[in-house]
Amino acid sequence: MSPKSRLYTLVKAWKNKPFQEVRDACGEQWLGLSSQALEEHQSWSQRQAISHEPIFNSEGTKLTGSLFRPLLTATDTQLLRLFMEGLDTTSYWYRSGRFIPGILPVPTHAIASSAYIDALSDLILNSRLPVGLVCLGIQSRVDSDISSACKEGLLRMRRLGVLLHLLQFTGTAEELLFLEEMQLDGIHLEMGQFRTYDLPIEIVAQAKHLQTQVYASNITLVKDLENATALGAEHCYGGLMMGPVSRHQTLHINDSRIAKAIFSLHPKQHLNQNGDK
């Protein structure tokens, strides 16, 4: 065997190893990791599904992450397979030289399940991704009856170096308390709701005081982007910024051309040395 072919064999074995290990450790069919599911996972990658929504900074000048949309509607039997697909995509970007954090949404009932948390932990550990590239998206408000179990699951994720994001943040007192208690890394605000209602500037300021990054989602109108700027959101995503793309297309994204064009039409006012505009 030539050195080149030996290297190819080792690299291929390393890439396939995590999926084999996860199947051995968590092979219960109800968790969605049957041999048929693994075959579907491989074909999914080959099809290059348009399922990764790019996230940019508020000016649209830099790609700051990606939301894996299929997990938003995943059934219980699809959850681990799709989570594995999301991790594999983030690994693909990382091996290609791009440090793109992937936000992987997970429903609260799965976070409260020790069986799911065990399986998710195995997937994350076997992905060998560095800290900061795996983000867990909490899809909905945590109900009081599963609050304790859900918090324990999130703490286990944090101990693995996983960043925690609260999707669909609405600014209730319960959410702010949860945000402070769990020290969440990001909150996501749906901007469409603020086209007719006042902006929650004070609530967002409280979140920022807790060192939480603010993500503005569903940016589809210029008004949405202006509202996100008024709120001081660090990250924006939605149709106006850029629609979902494949994992390979994500590699070639550096900025949001539309957002950059909008900001070029509305330049920010700068101060001179005397402090005047």
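**Exercise 1. The chain as a whole**

How many Å² does the protein chain expose, and what share of it do carbon and sulfur atoms supply? Add the helix and strand tally and the share of buried residues.

*Solution.* Keep in mind that you are working with a predicted model.
- Step 1: start with the surface. About 14,300 Å² of the protein chain is exposed, and 53% of that comes from carbon and sulfur atoms.
- Step 2: run through the secondary structure. You should end up with 11 helices and 8 strands in the protein chain.
- Step 3: turn to burial. Of the 277 residues in the protein chain, 48% are buried.
- Step 4: look at contacts with a sequence separation of 6 or more. In the protein chain, 71% of these link residues 24 or more positions apart.

**Exercise 2. α6 against α7**

Work out whether helices α6 and α7 are parallel, perpendicular or oblique, then list who touches whom.

*Solution.*
- Step 1: pick the right quantities. A packed helix pair is described by the angle between the two axes and the distance between them.
- Step 2: get the numbers. The axes of α6 (residues 147-159) and α7 (residues 173-182) come within 12 Å, crossing at roughly 40 degrees.
- Step 3: classify. Angles under 35 degrees count as roughly parallel and 65 to 115 as roughly perpendicular, so α6 and α7 are oblique to each other.
- Step 4: check the hand. The crossing of α6 past α7 is right-handed.
- Step 5: list the partners. From α6 come K151, L154, L155 and R158, and they meet F178, E181 and M182 of α7.
- Step 6: sort the residues of this contact by type. You get 4 nonpolar, 3 charged and no polar ones.

**Exercise 3. α9 against α11**

Do the same for helices α9 and α11.

*Solution.*
- Step 1: α9 (residues 222-231) packs on α11 (residues 257-265) at about 75 degrees, and the axes are 12 Å apart.
- Step 2: 65 to 115 degrees is the roughly perpendicular range, so that is the label for α9 and α11.
- Step 3: on the α9 side, the contact uses V222, L225 and T229, while α11 brings A259, I262 and F263.
- Step 4: the tally for the contact of α9 with α11 is 5 nonpolar, 1 polar and no charged.

**Exercise 4. H52 up close**

Is H52 buried or exposed? Place H52 in its element and name its neighbours.

*Solution.*
- Step 1: H52 sits in strand β1 (residues 52-57).
- Step 2: its relative accessibility is 4%, so H52 counts as buried, given that the cut-off is under 20%.
- Step 3: skip residues up to four places away in sequence, and H52 still touches S66, L67, F68, T89, W93, P244, V245, S246, R247 and T250.

**Exercise 5. Two glutamines with positive phi**

Find where Q183 and Q211 lie and decide how accessible each one is.

*Solution.*
- Step 1: Q183 is in the loop between α7 and β6 (186-190). Although Q183 is not a glycine, its phi is positive, about 50 degrees.
- Step 2: exposed means over 50%, so Q183, at 57% relative accessibility, counts as exposed.
- Step 3: Q211 belongs to the loop between α8 (201-209) and β7 (213-217). Q211, also not a glycine, has a positive phi of about 65 degrees.
- Step 4: Q211 has 68% relative accessibility, so Q211 counts as exposed.
- Step 5: finish with a distance. Q211 and G186 are 25 residues apart in sequence, with their C-alpha atoms 8.8 Å apart in space.

Definitions and conventions
Residues numbered from 1 in each chain as written. Predicted model: local features only at pLDDT ≥ 70, side-chain atom pairs only at ≥ 80, totals over all residues. Heavy atoms only, no water. Axes fitted to C-alpha atoms, helices over the stretch in contact; angles between N-to-C directions. Helix = DSSP H or I, 4+ residues; strand = E, 2+ residues; numbered from the N terminus. Parallel < 35°, antiparallel > 145°, perpendicular 65-115°, else oblique. Left-handed = near helix turned anticlockwise from the far one by under 90°. Contact = heavy atoms within 4.5 Å. Nonpolar A, V, L, I, M, F, W, Y, C, P; charged D, E, K, R; others polar. Buried < 20%, exposed > 50% of the residue type's maximum accessible area, 1.4 Å probe, protein only. Areas by Shrake-Rupley, 256 points an atom, 1.4 Å probe, with all protein chains shown as cover.
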